[in-house]
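Q: I am new to this structure and would like a close look at a single part of it. Could you take me through one strand, together with whatever surrounds it?

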2 protein chains.
Amino acid sequence: MYRRELLKPDGRRLTLYAHAPLEGDIAAPSPFAEPLAGAPHLRWHPLRGEWVTYAAYRQGRTFLPPPEYNPLAVTVDPANPTELPDAAWDVAVFDNRFPSLAPVREGAAPVPSMIVPSAPAAGQCEVVVFAKDPKGSLGALPLPHIELLLQVWGDRTEQVGQREGIAYVLPFENRGAEVGVTLHHPHGQIYAYPVLPPVPARMQQQALAHWQEHQRGLLADHIQAELRDGRRVLYQGPHAAAFVPVCARYPYEVWIAPIEPVRDFTRLGAAQRADLARALKTVLLKYDGLWQRPFPYLMAWYQAPTDGEPHPEWHLHAQIYPPYRTRDRLKYLAGTEIAAGFFAMDALPEDKAAELQQVEVRI
Amino acid sequence: MYRRELLKPDGRRLTLYAHAPLEGDIAAPSPFAEPLAGAPHLRWHPLRGEWVTYAAYRQGRTFLPPPEYNPLAVTVDPANPTELPDAAWDVAVFDNRFPSLAPVREGAAPVPSMIVPSAPAAGQCEVVVFAKDPKGSLGALPLPHIELLLQVWGDRTEQVGQREGIAYVLPFENRGAEVGVTLHHPHGQIYAYPVLPPVPARMQQQALAHWQEHQRGLLADHIQAELRDGRRVLYQGPHAAAFVPVCARYPYEVWIAPIEPVRDFTRLGAAQRADLARALKTVLLKYDGLWQRPFPYLMAWYQAPTDGEPHPEWHLHAQIYPPYRTRDRLKYLAGTEIAAGFFAMDALPEDKAAELQQVEVRI
């Protein structure tokens, strides 16, 4: 993997990644000339015991631009710059122009005091462009390209995770207008949080309790049980597995993980990474094959916090939440899910897994 | 408040509530002749440490029926029964035909064992029909009718909460196709859970810590701070208040509560109930007035668990989550909200409160 770090005219960072060395002069374009004014801030939610971030400038962010303007395409006409240069990169990562979390700038105004604790929303929001082709998809990329992306996620976890005050790095992809995506060029995001967010905090609590009781990984044990059961397995390779979990909260929910516990992307060996890429590609092609159309989803990759602790309880994995419950019906999160946090499913994971198992894919 | 309890031909309960006595013979209709087969079950989600409920028969539930069939209208033609009789009721409550949680029937088959703990999804799902008029809305009902509904929620909390194994009673309303509502007749639901669900469990934890430290209510203190600050207040009466909370997670989020702590609907005095009804009506009319169209939302009423403990830390209140962030843009819950549980807002609560403050309503 080759990496080239650049700076955009508005001060944002751009990192290009490629299989081959990136040579020659490359200028980092930006659709914006001026540095971003304003800074996001956090407010404490006392009833839920969690932070909420506020970034009022995000109201003006790019929203379903006309098809002729794609800020994630490479810049062809320097008079109309996009976010990315026309160079031989395979994957590109840059600072989000409208971040929900951002490094605190020197000389920034202090966050006004409020009736609840408040603080700068220190952190980082990055955009990860999966490939140059605006019409492709993550699942359609060749295996070596997906492997490179897994390496990029590892590099970002390392680079961003070591910055002062970053507690947790979460790579994710929202795909499809059904989940609110405004740009259809294949891309994901990385959020780097100044605190351990509620969901990974809860997962850590559960995993740690299991580790302390059994000296084994909670997810590692669960994967073995899923593989033994077999009814919901979508992929089993030498180093990686994918399955609809027995406790799926979304009808087509899938988990993908290395079989042996690996705490984060930086610790994946080459063989593990290759098999994990194959598992991921298999699942995404099954999704798109199910109804012969692009399948929307939210995919999150959970890994250990970046607090420098060893975290033997953590096990890198993806959880994918598609919004459909049947071909033409969305699953809405409503009263019980959102208000109580208690999920109600009208489909059995075994049945949904069977649907996906029947989709044949060629890799 | 008058109450009349009836039994439907398929074994489900129907309770009619009214301001005046309900006299004469009333037969409880049902669109379904046979008792429901099948029973929901719970599976344990080990990574999140929570239960998920599965009710496969719900796939066949009523979905956007043609306008001529409204199961929540009163039955006019006994050959085409709806869920409700043509009698002088004001509010009606009946067992959901497709419950996510249901009492365990005698002789029901045991839940099959799985690779995670499983159990019967013992509980109760009720439908609360707010009024006979299929075209009305909760906010448009006269104040005494809304007061009656608050009494009904109290009666349901008492009736259902005292049943064996019920740990938590949650009344809520999903309003609008944007949040997945399939029947537009004004109605809400009540879920009665066999366990304390994750969100109220978390709220209880936070409130209890505050109570133990200060011997005061967390929400009671927060309400006083909101009223002193004043910038986000939408209603302040002698006994109730409504405001956009300083830590809103949805752009038009509103909380409504009695000013003095009351642990659940059963403990509201008449004056508190009347003022709470006025606060609720004010907020809902402001919502509908904002863009001069019905305003979708999810409204949940949080109250103390029904475990028989005194729960001085609990404070009955509503949290309302509308899905819009501007007149024509929905707020999608995406990567950071769903995967991390960390909410990102692109609007300031002060600005959204100002929009709602400017909407004048007549009560």
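A: The model shown here is predicted, and a suitable part to follow is strand 11 of chain B, which spans residues 240-243. Going along the chain, one arrives there from strand 10 of chain B, residues 233-236, by way of a hairpin in which three residues join strand 10 of chain B to strand 11 of chain B. These two strands run antiparallel and are joined by three bridges, and within this pairing Val233(B) stands opposite Phe243(B) of strand 11 of chain B.

Strand 11 of chain B also pairs with strand 12 of chain B, residues 254-258, again in the antiparallel sense, and here the pairing extends over four bridges. In this second pairing Ala241(B) has Ala257(B), a residue of strand 12 of chain B, as its bridge partner.

With the neighbouring strands in place, one can turn to the side chains. In a regular strand, side chains alternate between the two faces of the sheet. In strand 11 of chain B, Ala240(B) and Ala242(B) lie on one side, while Ala241(B) and Phe243(B) lie on the other. These four residues are all buried, so both faces of strand 11 of chain B are covered, buried being a relative accessible area under 20%. Phe243(B), which stands opposite Val233(B), and Ala241(B), which is bridged to Ala257(B), are thus the two residues named on one of these covered sides.

Notes: Residues numbered from 1 in each chain as written. Chains lettered and ligands numbered in written order. Predicted model: local features only at pLDDT ≥ 70, side-chain atom pairs only at ≥ 80, totals over all residues. Heavy atoms only, no water. Buried < 20%, exposed > 50% of the residue type's maximum accessible area, 1.4 Å probe, protein only. Pairing = 2+ DSSP bridges.
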